Amino acid sequence: MRTTSTDFDLWQEYLAGNEAALGNIAERYYSTLKHYGQKFSVSDFVVKDCIQDLFLQLWQNRTQINETISVKHYLLKGLRNHIFIHIRSTKRMVNYDLDWDMGPLENISGESILIDDEAFVSRVHQLKELMSQLSPREREAIYLHYYQDMSITEIAEVMQVNRQSVSNFLTRAMSKMRNHCQPQHLLIFLYLFLKF
């Protein structure tokens, strides 16, 4: 019976020059990175290209890269940097106008039973309105904290702000959400926000 390697073990093997370990890390975090990258106003092609560049850079610079406490945190921060480098290189203005919109209602897939439920449809519309009340930074902090389960310190590093700013983003976002929805719907809204 084969046991699954921990992130720490895979990272150590990668740092020691094991290409397969880096491949396992890439497989483990590809969907997480892609989902996060799609939140920025860039195409899917750019997101995939930036993920590929990130792992290529990791392999090429493995002798200069240090150990990390959280592989996921390290990768999300790296992807964010690659995306912003791409945006700057294409001479587009970095404006933090991240695409946290969930898209048209008809794009919700795999939830056909729930879509038929009028209450669900109504909540999705309310969620969109609620999310529009949040700033892009507040939405990003909510996403990283609740969906990626990152600590305030990790979010601060990824977003390149101080810890107090992250705390402020989360506090303001949750306050706005509480003020605009019924308490029993807050968890449903958070789930829907993270799901899509």
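Glu138 is buried, because its relative accessibility is 2% and the limit for buried is under 20%. This value, like the others in this report, comes from a predicted model. The side chain of Glu138 forms a salt bridge with that of Arg172, with 3.1 Å from N to O. Glu138 belongs to helix α7 and Arg172 to helix α9 (residues 163-180), so the contact joins distant parts of the chain, 34 residues apart. Arg172 counts as partly exposed, with a relative accessibility of 40%.

**Salt bridges**

The count of salt bridges in the model is 3. Side chains of opposite charge can pair when their charged atoms come close. The table lists the pairs with their N to O distances.

| Pair | N to O distance |
|---|---|
| Asp7 and Arg28 | 2.6 Å |
| Glu140 and Arg80 | 3.0 Å |
| Arg172 and Glu138 | 3.1 Å |

The salt bridge of Asp7 and Arg28, at 2.6 Å from N to O, runs between two helices. Asp7 is in helix α1 (residues 7-15) and Arg28 is in helix α2 (residues 19-37), so this pair ties together parts 21 residues apart in sequence. Asp7 counts as partly exposed at 21% relative accessibility, and Arg28 counts as partly exposed at 31%.

For Glu140 and Arg80, the side chains meet at 3.0 Å, N to O. This pair links distant parts of the chain, with Glu140 in helix α7 (residues 136-147) and Arg80 in helix α4 (residues 71-89), 60 residues apart. Both Glu140 and Arg80 are buried.

**Aromatic pairs and a charge over a ring**

The whole structure holds 5 aromatic pairs. One of them is Trp11 with Tyr74: the ring centres are 5.2 Å apart and the planes stand at 65°, so the pair counts as edge-to-face. Trp11 sits in helix α1 and Tyr74 in helix α4, so their pairing ties together parts of the chain 63 residues apart in sequence. Trp11 is buried, with a relative accessible area of 1%, whereas Tyr74 counts as partly exposed at 29% relative accessibility.

Tyr36 and Phe40 form another pair, with ring centres 5.2 Å apart and planes at 90°, so the arrangement is again edge-to-face. Tyr36 and Phe40 are both buried. They belong to a cluster in which ring pairs link Tyr36, Phe40, Phe84 and Tyr143.

A charged side chain also meets a ring: Arg62 lies over the face of Trp59, at 3.8 Å from the ring centre.

**The largest pocket**

Rolling a probe the size of a water molecule over the atoms shows where empty space is left. The largest pocket contains about 330 Å³ of space. Its lining has 18 residues, and those closest to the centre of the pocket are His73, Tyr74, Lys77, Gly78 and Asn81. Tyr74 is thus found here as well as in the ring pair with Trp11.

Which elements give two or more residues to the lining of the largest pocket? They are α3 (44-60), α4 and α8 (152-159). Helix α4 gives the most, with 7 residues. By residue class, the lining of the largest pocket divides into 6 nonpolar, 9 polar and 3 charged residues.

Helix α4 therefore recurs in this report: Arg80 of its salt bridge with Glu140 lies there, Tyr74 of the ring pair with Trp11 lies there, and it gives the most residues to the lining of the largest pocket.

Notes
Residues are numbered from 1 along each chain as its sequence is written. This is a predicted model: local features need pLDDT of at least 70, side-chain atom pairs count only at pLDDT 80 or more; totals for chains, interfaces and linings use all residues. Side-chain values use heavy atoms; hydrogens and water are left out. A salt bridge is a side-chain nitrogen of Lys or Arg within 4 Å of a carboxyl oxygen of Asp or Glu. Helices (H or I, at least four residues) and strands (E, at least two) are DSSP runs, numbered from the N terminus. Buried means under 20% relative accessible area, exposed over 50%, partly exposed in between (1.4 Å probe, protein chains only). On a 1 Å grid over the protein atoms alone, a cavity is a set of points where a 1.4 Å probe fits but cannot get out, and a pocket is an open set with protein on both sides within 12 Å along at least five of seven lines; lining residues have an atom within 4 Å of a point. Grid points are joined across faces, edges and corners, and a volume is the space filled by probe spheres set on the points. Ala, Val, Leu, Ile, Met, Phe, Trp, Tyr, Cys and Pro count as nonpolar, Asp, Glu, Lys and Arg as charged, and the others, Gly among them, as polar. Rings of Phe, Tyr and Trp (its six-membered ring) pair if their centres lie within 6.5 Å; planes under 30 degrees apart count as stacked, over 60 as edge-to-face and the rest as tilted. A charge sits over a ring if NZ of Lys or CZ of Arg is within 6 Å of the ring centre and within 35 degrees of the ring normal.
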